[in-house]
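Got your viewer open? Here is a walk through one protein, stop by stop, with something to select at each.

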Amino acid sequence: MSTGEFAKWTRRFEDERERRHIEGDPEWGLGATLHPSVWAGVQRFQVGEDGDGANLSRKADQAGDPDYADAVRLFIAEEQNHARLLARLLAAGGVPKLAGHWSDTVFVRLRRLMGLRTELLVLMIAEVVALRYYRALRDGTDDPLTTDVAARILADEERHVPFHCERLHASVAELPRLMRGPTMALWRLLLLAVSATVAVDHGPALRRLGVGRRRFLADVMASSRAVVSAVLAPRPDQWASTP
């Protein structure tokens, strides 16, 4: 199966790893002060970012493209770094981590149901929702440490989405032509359901961050149109996030 030239993504992830090493960590000594509802949201997203990625890595190996498999492992390392950053942010505010959350359990089980295509489609739901959440967290608080952490994670997520779009483009192209559009339409319906759940669950936090439930939902669904176009179009690397 031809999956494209993923060696370029490996180089991008490696370059970013080197940049993070040079930049160093945020100033944890600043501490962090947030409203309890916002802390609750950070706790839940920290759980979602945590995980060993073994299932995704195994499926990437089975895809038959060593460059893609290498890039996936670097992607997983970035997600694990997000979990670490959020855990350190929680510690800076004196807030404990959660042992788990039902939403993460549901996503993990869905992702493991079938093959790589299904895993990535479910993963992309979480990634697109995360884009809007971390943008809200970056822009909606006057806490310097929180702003720094959210900005770092958001910058990574903005690279992750086109990375997954490129692989999904190759995978969805293997489906019969008449199934491709409906597959992505179903993906948007699932995204709508998940986004609505997140908007309700995180409603108090979103209001504190200056983003109401309706706006959050509308922004997520607006960005999803670009994702669908990137997956179905010949140039998946042309995906661009909503500013």
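The tour starts with the whole chain, moves on to helix pairs and ends with single residues.

**Stop 1: the whole chain**

Before you click on anything, keep in mind that this is a predicted model. Show the chain as a cartoon and you'll find ten helices and zero strands. Going along the sequence, the pattern reads α-α-α-α-α-α-α-α-α-α. Of the 243 residues in the chain, 49% are buried. Now for how the chain meets itself: take the contacts between residues at least 6 apart in sequence, and 82% of them join residues at least 24 apart.

**Stop 2: helix 8 and helix 10**

Two packed helices are described by the angle between their axes and the distance between the axes. Select residues 177-201, which is helix 8, and then residues 213-232, which is helix 10. How far apart are the axes of helix 8 and helix 10, and at what angle do they pack? The axes are 10 Å apart, and the angle is about 160°. Angles over 145 degrees count as roughly antiparallel, and helix 8 and helix 10 are therefore roughly antiparallel to each other. The crossing is right-handed.

Want to see the side chains at this meeting place? On helix 8, show a few of the residues involved, including Met 184, Trp 187, Leu 191 and Leu 192. Across from them, the helix 10 residues that take part include Phe 216, Leu 217, Val 220 and Met 221.

**Stop 3: helix 7 and helix 10**

Keep helix 10 on screen and add helix 7, residues 144-172. The axes of helix 7 and helix 10 come within 7 Å and cross at roughly 45°. That makes helix 7 oblique to helix 10. Here, too, you're looking at a right-handed crossing. From helix 7, select Val 161, Cys 165, Leu 168, His 169 and Val 172. They meet Val 227, Ala 230, Val 231 and Leu 232 in helix 10.

**Stop 4: His 160**

Stay in helix 7 and click on His 160. Is His 160 buried or exposed? His 160 is buried: its relative accessible area is 0%. Next, show Glu 79, whose side chain is joined to that of His 160 by a polar contact of 3.1 Å. To see who else touches His 160 from further along the sequence, add Phe 13, Phe 75, Glu 78, His 82 and Glu 127.

**Stop 5: some salt bridges**

Searching the whole structure turns up 17 salt bridges. Let's visit a few.

Start with Glu 166 and Lys 8, where the N to O distance is 2.7 Å. Glu 166 sits in helix 7 and Lys 8 in helix 1 (residues 7-23), so this pair ties together parts that are 158 residues apart in sequence. Glu 166 counts as buried at 10% relative accessibility, while Lys 8, at 23%, counts as partly exposed.

Now select Arg 44 and Asp 201, which form a salt bridge at 3.1 Å, N to O. Arg 44 is in helix 2 (residues 36-49) and Asp 201 is in helix 8, so to speak a long walk along the chain: the two are 157 residues apart. Arg 44 is partly exposed at 23%, and Asp 201 is partly exposed at 30%.

Another pair to pick out is Asp 61 and Arg 73, with their closest N and O atoms 3.1 Å apart. Asp 61 belongs to helix 3 (residues 54-62) and Arg 73 to helix 4 (residues 66-92), with their positions twelve residues apart in sequence numbering. Both are partly exposed: Asp 61 has a relative accessibility of 42%, and Arg 73 has 36%.

Finally, select Glu 16, Arg 19, Glu 23, Asp 148 and Arg 152 together. Salt bridges with shared partners join these residues into one network.

**Stop 6: Gln 43**

For the last stop, go to helix 2 and click on Gln 43. Gln 43 is buried, with a relative accessible area of 13%. What does the side chain of Gln 43 reach at 2.7 Å? The answer is the backbone oxygen of Pro 96. Leave aside the neighbours within four places in sequence, and Gln 43 is in contact with Leu 90, Val 95, Pro 96 and Leu 98.

Definitions and conventions. Residues numbered from 1 in each chain as written. Predicted model: local features only at pLDDT ≥ 70, side-chain atom pairs only at ≥ 80, totals over all residues. Heavy atoms only, no water. Helix = DSSP H or I, 4+ residues; strand = E, 2+ residues; numbered from the N terminus. Buried < 20%, exposed > 50% of the residue type's maximum accessible area, 1.4 Å probe, protein only. Polar contact = N/O pair within 3.5 Å; in protein donor to acceptor, adjacent residues only side chain to side chain. Contact = heavy atoms within 4.5 Å. Salt bridge = Lys/Arg side-chain N within 4 Å of Asp/Glu carboxyl O. Axes fitted to C-alpha atoms, helices over the stretch in contact; angles between N-to-C directions. Parallel < 35°, antiparallel > 145°, perpendicular 65-115°, else oblique. Left-handed = near helix turned anticlockwise from the far one by under 90°.
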